[in-house]
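Ready to poke around in a protein model? Grab a pencil and have a go at each exercise before you read its solution.

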Amino acid sequence: MASAALASLTAALIVGAATGSSSAAGRTTAKAHSAFAQQCPDPYPAKRDPSNPLMLPAAPGPDPLHGANFFVDGARHGAAAKAIEALLGLNPLNYKDDYSWVKFQDSLTRGSLASKLAHDPGLARKVSMLSKIASQPESQRISVFSGGGGPGAIFGQTEKILCGNLTADPGSIPVFTTYFLHPVLGGCATRGQIAAAGPEFRRRVDEMAAAVDRRPAVFLLEIDGVGSSRCMQQMGSLSMWEADLKYEALKLQSLPHTVVYLEGGYSDGNPPGYTAKVLNASGVQQIQGFFTNDTHINWTIDEIRWAQKVSAKTGGAHFIVNTAQNGNGPLRPHNRVKNGNEVLCNPPGRAMGPPPTTTTGFARVDAFLWTGPPGNSSGSCNGGTPSGTFWPARAIELASHAQAKLGPGMPANKY
């Protein structure tokens, strides 16, 4: 991109971010869009249809996600697909962006690859387990680390996904997760820290909004954003944190074809009353709702029961449950008073939970989704790889125990 365009975008975003107002945010997006041309056509209409914001082929009813075909990443970029390629001695960079998972999977059934798998049952099993993950929708994380997070980086990374990665599954709906606040401020920031980080935070949000523009997308905003926020209540900084969450939520909600959910925490975290209070202050009643269990591994049914209480206190907000690795529920420590409610860093013996679906059987549960590919490492603990990287050995373990039941004593639904 030209340096002049970069300078123009930077100036526009800093001016808008410094105000922090919704109207200024709208002007910032317009300037950013004029400074950075979209990398691929954006042929979607500017008008929003509230009954079908994602422009699905059939009207979805009260759940705007119902019937959506969520994006399945291809051979070049998919986390599990690349792990399979490494096992087979293949180079992901040899595949084009538009080479789909389906095409790659089919290539495993012919020629030398099929012969290799047929003569190595252990390898074939690993590929089969990783295929359970590769065949499912993969959410796309946009964070302060995306492209370095500097001016233009969030715009560029989001455009790369929309214009490059997404060609492997044309016509599908991308699911984005964001991680802007927590990695910079943690969950216990002071008013001064939040104020200082505000301009950069709003710039990143504005860039992402400018990149998506009129394209359809689902947003799951701010991993750990509410779940880790309670200590700020005592520090007097919670209202500023809520204002940042609201800025992001309403900015992305203002786009023509988005469906937006705020992070709401986890059933073994904050009580429903506190969670609802923060969500209400953060604009949840002006968007579709919230999502839960993003960094925890609670049983799906426990999340639903807890989130239903939150929903009742947020005007009936709908919600999504992360089921990436909760098929065996959480690993509880022997001393929960000392060691917390569950082991969160690569707990052994876990399993993939219910696969992504919008047919949940619960009126206010819009979907079960994976906020990250099963197998993403929590860190170096328990033999893990660096935090956020895909750890094939863990992914294979999770997939080998996969089960779709919602909780203990409930039917073990077929996977």
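Below are four exercises, each with a worked solution.

A quick word on the ground rules: this is a predicted model, where local features need pLDDT of at least 70, side-chain atom pairs count only at pLDDT 80 or more, and totals for chains, interfaces and linings use all residues. Residues are numbered from 1 along each chain as its sequence is written, and side-chain values use heavy atoms, with hydrogens and water left out.

**Exercise 1. Work out which residues of helix H5 are buried, and what they pack against.**

Step 1: Get the terms straight. Helices (H or I, at least four residues) and strands (E, at least two) are DSSP runs, numbered from the N terminus. Buried means under 20% relative accessible area, exposed over 50%, and partly exposed in between (1.4 Å probe, protein chains only).

Step 2: Go along H5, residues 111–118, and pick out the buried ones: Leu113, Ala114 and Leu117. These three sit on the same side of H5, because they cover an arc of only 100° around the axis (the arc is that of the directions from the helix axis to the C-beta atoms). The general rule behind this: an α-helix has 3.6 residues a turn, so residues three or four places apart point the same way.

Step 3: Flip to the face turned away from the buried side, and you meet the exposed residues Gly111, Ser112 and Ala118.

Step 4: Look for partners, with contact meaning heavy atoms within 4.5 Å. The buried residues of H5 pack against helix H4 (101–107) and helix H6 (121–134).

**Exercise 2. Find the residues that touch the most other members of the largest nonpolar core.**

Step 1: Define the core as a set of buried Ala, Val, Leu, Ile, Met, Phe, Trp, Tyr and Cys residues joined through side-chain atoms within 4.5 Å.

Step 2: Among the 52 residues of the largest core, Phe180, Phe219, Leu252 and Phe290 touch the most other members. Helix H9 (residues 191–212) gives the most to this core, with seven residues.

Step 3: Don't stop there: a second, separate core has 29 residues, including Ala80, Leu88, Val127 and Ala324.

**Exercise 3. What classes of residue line the largest pocket, and what classes line the second largest?**

Step 1: Sort out the classes. Ala, Val, Leu, Ile, Met, Phe, Trp, Tyr, Cys and Pro count as nonpolar, Asp, Glu, Lys and Arg as charged, and the others, Gly among them, as polar. On a 1 Å grid over the protein atoms alone, a pocket is an open set of points with protein on both sides within 12 Å along at least five of seven lines, and lining residues have an atom within 4 Å of a point.

Step 2: Count the lining of the largest pocket: twelve nonpolar, 20 polar and seven charged residues. Of its 39 lining residues, Arg141, Gly372, Asn376, Gly388 and Thr389 are the closest to the centre.

Step 3: Do likewise for the second largest pocket, and you get 15 nonpolar, five polar and two charged residues. Nearest its centre are Tyr44, Leu166, Pro170, Gly171 and Ser172.

**Exercise 4. Place threonine 167 and say how exposed it is.**

Step 1: Find threonine 167 in the loop between H7 and strand S2 (175–179).

Step 2: Check its accessibility: at 34%, threonine 167 counts as partly exposed.

Step 3: Look for contacts. Leaving out residues up to four places away in sequence, threonine 167 touches Asp97 and Asp98.

Step 4: Compare sequence with space: threonine 167 and tyrosine 99 are 68 residues apart in sequence and 8.0 Å apart in space, C-alpha to C-alpha.

Methods. 1 Å grid on protein atoms, 1.4 Å probe; cavity = no way out; pocket = protein on both sides within 12 Å on 5 of 7 lines; lining within 4 Å.
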